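Q: Please look closely at the pairing of charged side chains in this protein. Set that one part in its structural surroundings, in a form suitable for a bench biochemist.

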Amino acid sequence: MLSAAPLDNPPSARIAGAGPGDGGPSNAASEVLRAARSALTAPDSTTLRFPTDNPPPPRAAKLRNWLTPRLALPAGPLANRTPGTGALMYHRFADPVSGLPEPTWNVPPALLRTQLAGLLSRGYRAVRLEEVLDRIAAGEPADPKSFVVTIDDGYLNNLTQGLPIFEELRVPVTLFVATGYVGTPCPYPFDDWAGKGHPHAPRESWAAMNRGELRRFAESEFVSLGVHTHTHQDFRGRPDLFAADLAESCRVLRSGFGIERPAFAFPYGTRQRGFSGGELKAAVARTPVSCALTTEDERIRADSDRFDLGRFTATSADTAATLAAKLDGRFGALKRALHRNHRSTPTASTAAAKPCGGRS
Ligand SMILES: [Zn+2]
């Protein structure tokens, strides 16, 4: 299903070639596109903007990730009884490294397998995101025992550690790729794991897939590719730049993989903090994506806004039981009942990433 055309964008987040008839903005937006190109034609990632606002304290985040889904386990009456499908969000599949901080946004491979196998043994059915979108389009109620698996960014461990598990368990996944970093020898500039790039950290624990690896991943019958913007920046207050950047990521997937209307996931993703919804959601409509997923703890229902679909973060604190509580609506309902200001967003720790010296 994949074309032979290579991904043609270097990891320096250059934007080029997006334009009328090429998935980019119209002529009327040419001025905006020029400005966006200028902003994105950076010699390295130091000029890109990543979020700095209030990353959660690690200890508090760990306790919260452990406690909240367990509080939801007996919260049956709080469950949303409206039929809906839950989407899970993963990022990294790596084992902890002795002497280094625990990897962030990570589910170790063995736990990933336990989580997914446990859901399947509980009667949940893993379905493709496209199947859920088709149901929405047809106005059909979602199967409450179905769930969707999504992955963000494009770490190499998705291929080396995740894919064998997805294929063994026959679980389809959608990977939202930050296309500007495919093949970069550097860690993602937005990766908040202090161990990234460390000599003792296996390369697969932090590195992005290169184009050949991404192609191998995408060739699996269980994998769909979507976009996650090109440069994965903090686009709040910059909807025109966001639209141009997203259009560029669509162009990369079209030229490299023949995908015309990819699914999309907002970087950082929370509506409350402005990473999705509002002017960014409006800007999505100017691009060729088929849908947009956030990081709001909401299930996808027949009446859901196609460009404002929720997802549940799967963490290393989750068991199959707590994931089931997330998928069936108990978790989100409990959080809303408690008026918690919960963040399920990867917040990068640096405003300007340090230049990478070409580590490979
Ligand atoms: Zn991301």
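A: A salt bridge is a side-chain nitrogen of Lys or Arg lying within 4 Å of a carboxyl oxygen of Asp or Glu. The model examined here is predicted, and a search of the whole structure returns 14 such bridges. Side chains of opposite charge can pair when their charged atoms come close.

One of these bridges joins the side chains of Asp-234 and Arg-236, with an N to O distance of 2.8 Å. Its two partners differ in burial: Asp-234 has a relative accessibility of 7% and therefore counts as buried, the limit being under 20%. Arg-236, at 23%, lies above that limit and so counts as partly exposed. Elsewhere, bridges with shared partners unite Arg-125, Glu-131 and Asp-143 in one network. Within that network, the closest N and O atoms of Glu-131 and Arg-125 are 3.2 Å apart. Glu-131 is partly exposed, at a relative accessible area of 31%, and Arg-125 is likewise partly exposed, at 38%.

The bridge between Asp-152 and Arg-311 has a different setting. The closest N and O atoms of this pair are 2.8 Å apart. It links distant parts of the chain, since Asp-152 belongs to strand β3 whereas Arg-311 lies in the loop between β7 (291-293) and β8 (312-313), 159 residues away. Asp-152 and Arg-311 are both buried.

Strand β3 also takes part in the metal site. The zinc ion is coordinated by the OD of Asp-153 and by the NE2 atoms of His-228 and His-232, at 2.1 to 2.2 Å. Along the chain these donors follow the spacing D-x74-H-x3-H. Asp-153 is in strand β3 (residues 146-153) and His-232 is in the loop between β5 (223-227) and α7 (239-257), so this pair ties together parts that are 79 residues apart in sequence. Asp-153 and His-232 are both buried.

Asp-152 leads in turn to the nonpolar interior, through Tyr-90. Beyond its neighbours up to four places away in sequence, Tyr-90 touches Asp-152, together with Val-107, Leu-112, Gln-115, Leu-116, Val-149, Thr-150, Ile-151, Ala-314 and Leu-323. Tyr-90 is also one of the residues with the most contacts inside the largest nonpolar core, the others being Leu-116 and Leu-225; this core has 52 residues. Helix α7 gives the most to it, contributing seven residues. Apart from it lies another core, of 14 residues, among them Val-127, Val-148, Ala-265 and Cys-291. In soluble globular proteins, nonpolar side chains tend to be buried together.

Cys-291, a member of that other core, is also a contact of Ala-263. Once neighbours within four places in sequence are set aside, Ala-263 is in contact with Leu-129, Phe-176, Gly-226, Val-227, Ser-290 and Cys-291. Ala-263 belongs to strand β6 (residues 263-265). With a relative accessible area of 10%, Ala-263 is buried. Its C-alpha is 5.1 Å from that of Ser-290, although the two residues are 27 places apart in sequence.

The surface offers a contrast. Leu-63, Trp-66, Leu-67 and Leu-71 form a nonpolar patch there, with about 380 Å² of accessible area together. Leu-71 is placed in helix α2 (residues 58-72) and is partly exposed, with a relative accessible area of 41%.

Two loop residues deserve a note on backbone geometry. Most residues other than glycine have a negative phi. Trp-105, in the loop between β1 (86-90) and α3 (109-121), has a positive phi near 50 degrees and is partly exposed, at 24%. Arg-170, in the loop between α5 (156-169) and β4 (173-177), has a positive phi near 55 degrees; its relative accessible area is 56%, which places it among exposed residues.

The whole protein provides the frame for these details. Its secondary structure comes to ten helices and eight strands. Of its 360 residues, 56% are buried. Among contacts between residues at least 6 apart in sequence, 77% join residues at least 24 apart. The protein exposes about 14100 Å², of which carbon and sulfur atoms supply 54%.

Note on methods. Residues numbered from 1 in each chain as written. Predicted model: local features only at pLDDT ≥ 70, side-chain atom pairs only at ≥ 80, totals over all residues. Heavy atoms only, no water. Patch = residues over 30% accessible without salt bridge, like charges linked within 9 Å, V, L, I, M, F, W, Y side chains within 5 Å. Areas by Shrake-Rupley, 256 points an atom, 1.4 Å probe, with all protein chains shown as cover. Helix = DSSP H or I, 4+ residues; strand = E, 2+ residues; numbered from the N terminus. Buried < 20%, exposed > 50% of the residue type's maximum accessible area, 1.4 Å probe, protein only. Donors = N, O, S within 2.8 Å, 3.2 Å for Na, K, Ca; no water. Core = buried A, V, L, I, M, F, W, Y, C linked by side-chain atoms within 4.5 Å. Contact = heavy atoms within 4.5 Å.
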